[in-house]
Amino acid sequence: MTRIKRGYIARRRRTKIRLFTSSFRGAHSRLTRTITQEKIKALVLAHRDRDRKKRDFRRLWISRINAVIRENQIKVYYSYSNFMYNLYKSRLLINRKILAQIAILNRNCLYMISNEIIK
């Protein structure tokens with residue numbers, strides 16, 4: 001009987017995983033079993049951090065808005081929570097991302113918004 005060579009499917013799967021982990025250091029890019037473990041770990045961490053990034057940006061926007069509101073106590077005399085409460089009460093629906101950009105780039109505009117809310 002002649003010798004039968006193995007197919008290419010398993011090799012193709014391994015090379016695909018190897019290309020994914022080619023930038024990893026040491027055995028994490030060379031050994032097949034370690035490569036598969038590292039690929040799973042990398043994908044799990046990427047999924048986790050996509051959710052975490054949303055949280056982190058929301059915290060950043062809140063802290064920026066709060067810092068600007070508390071900075072000028074003559075025109076604006078309350079905290080972030082009071083500001084957001086009055087914002088929703090007056091039905092001005094501006095999200096935190098836009099408010100944070102306004103707070104950094106044009107503080108007078110944020111003070112005008114807060115004065116309109118107070119009235």
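A salt bridge here means a side-chain nitrogen of Lys or Arg within 4 Å of a carboxyl oxygen of Asp or Glu. By that count, this predicted model holds two salt bridges. There is also one aromatic pair, plus a lysine, Lys-39, sitting over the face of Phe-20. On the nonpolar side, the largest core has 16 residues, with α2, α3, α4 and α5 each putting in at least two of them. Here's the rundown by topic.

**Salt bridges**

- As a bit of background, side chains of opposite charge can pair when their charged atoms come close.
- One of the two bridges joins the side chains of Arg-48 and Asp-49, at 3.1 Å from N to O.
- Both partners have some solvent access: Asp-49 is partly exposed at 33% relative accessible area, and Arg-48 is partly exposed at 37%.
- Then there's Arg-107 with Glu-71, where the closest N and O atoms are 2.4 Å apart.
- That pair ties together distant parts of the chain, since Arg-107 belongs to helix α5 and Glu-71 to helix α2, 36 residues apart.
- Arg-107 is partly exposed at 36% relative accessibility, and Glu-71 is partly exposed too, at 49%.

**Rings and a charge**

- The aromatic pair is Phe-57 with Trp-61, and its geometry is tilted: the centres are 6.0 Å apart and the planes make an angle of 40°.
- Why is it tilted rather than stacked or edge-to-face? Planes under 30 degrees apart would count as stacked and those over 60 as edge-to-face, so what's left is tilted.
- Phe-57 and Trp-61 are four residues apart in helix α2, so about one helical turn separates them.
- Phe-57 is partly exposed at 40% relative accessible area, and Trp-61 is partly exposed at 21%.
- For Trp-61, that 21% has to be read against a cut-off of under 20% for buried.
- Over in helix α1 (residues 9-20) you'll find Phe-20, with Lys-39 lying over its face at 5.6 Å from the ring centre.
- Setting aside residues up to four places away in sequence, Phe-20 touches Lys-39, Ala-42 and Leu-43.
- Phe-20 itself counts as partly exposed, at 37% relative accessibility.
- From Phe-20 to Glu-38 the C-alpha to C-alpha distance is 9.7 Å, with their positions 18 residues apart in sequence.

**The nonpolar core**

- Which residues have the most contacts inside the largest core? They are Ile-65, Phe-83, Leu-87, Leu-99 and Leu-110.
- Take Ile-65: beyond its neighbours within four places in sequence, it contacts Tyr-80, Phe-83, Arg-96, Leu-99 and Ala-100.
- Phe-83 appears in both of those lists, as a core residue with many of the contacts and as a contact of Ile-65.

**Helix α3 (residues 80-89)**

- The buried residues of α3 are Tyr-80, Phe-83, Met-84, Asn-86 and Leu-87.
- Looking down the axis of α3, these residues fall within an arc of 165°, so they line one face of the helix.
- In general, residues three or four places apart in an α-helix point the same way, because there are 3.6 residues a turn.
- Turned away from that buried side is a face with the exposed residues Tyr-85 and Lys-89.
- The cover over the buried residues of α3 includes α2 (32-71), α4 (96-105) and α5 (107-118).
- Asn-86 sits in helix α3 and is buried, with a relative accessible area of 17%.
- Outside its neighbours up to four places away in sequence, Asn-86 touches Tyr-78 and Ile-117.
- After α3 comes Arg-91, with a positive phi near 65°.

**Helix α4 (residues 96-105)**

- Where do the buried residues of α4 pack? They go against α2, α3 and α5.
- The residues in question are Arg-96, Leu-99, Ala-100, Ile-102 and Ala-103.
- They span an arc of only 160° around the axis, which puts them on the same side of α4.
- Among them, Arg-96, Leu-99 and Ala-100 are also contacts of Ile-65.

Note on methods. Residues numbered from 1 in each chain as written. Predicted model: local features only at pLDDT ≥ 70, side-chain atom pairs only at ≥ 80, totals over all residues. Heavy atoms only, no water. Buried < 20%, exposed > 50% of the residue type's maximum accessible area, 1.4 Å probe, protein only. Helix = DSSP H or I, 4+ residues; strand = E, 2+ residues; numbered from the N terminus. Arc of directions from axis to C-beta. Contact = heavy atoms within 4.5 Å. Phe/Tyr/Trp six-rings, centres within 6.5 Å; stacked < 30°, edge-to-face > 60°. Lys NZ or Arg CZ within 6 Å of the ring centre and 35° of its normal. Core = buried A, V, L, I, M, F, W, Y, C linked by side-chain atoms within 4.5 Å.
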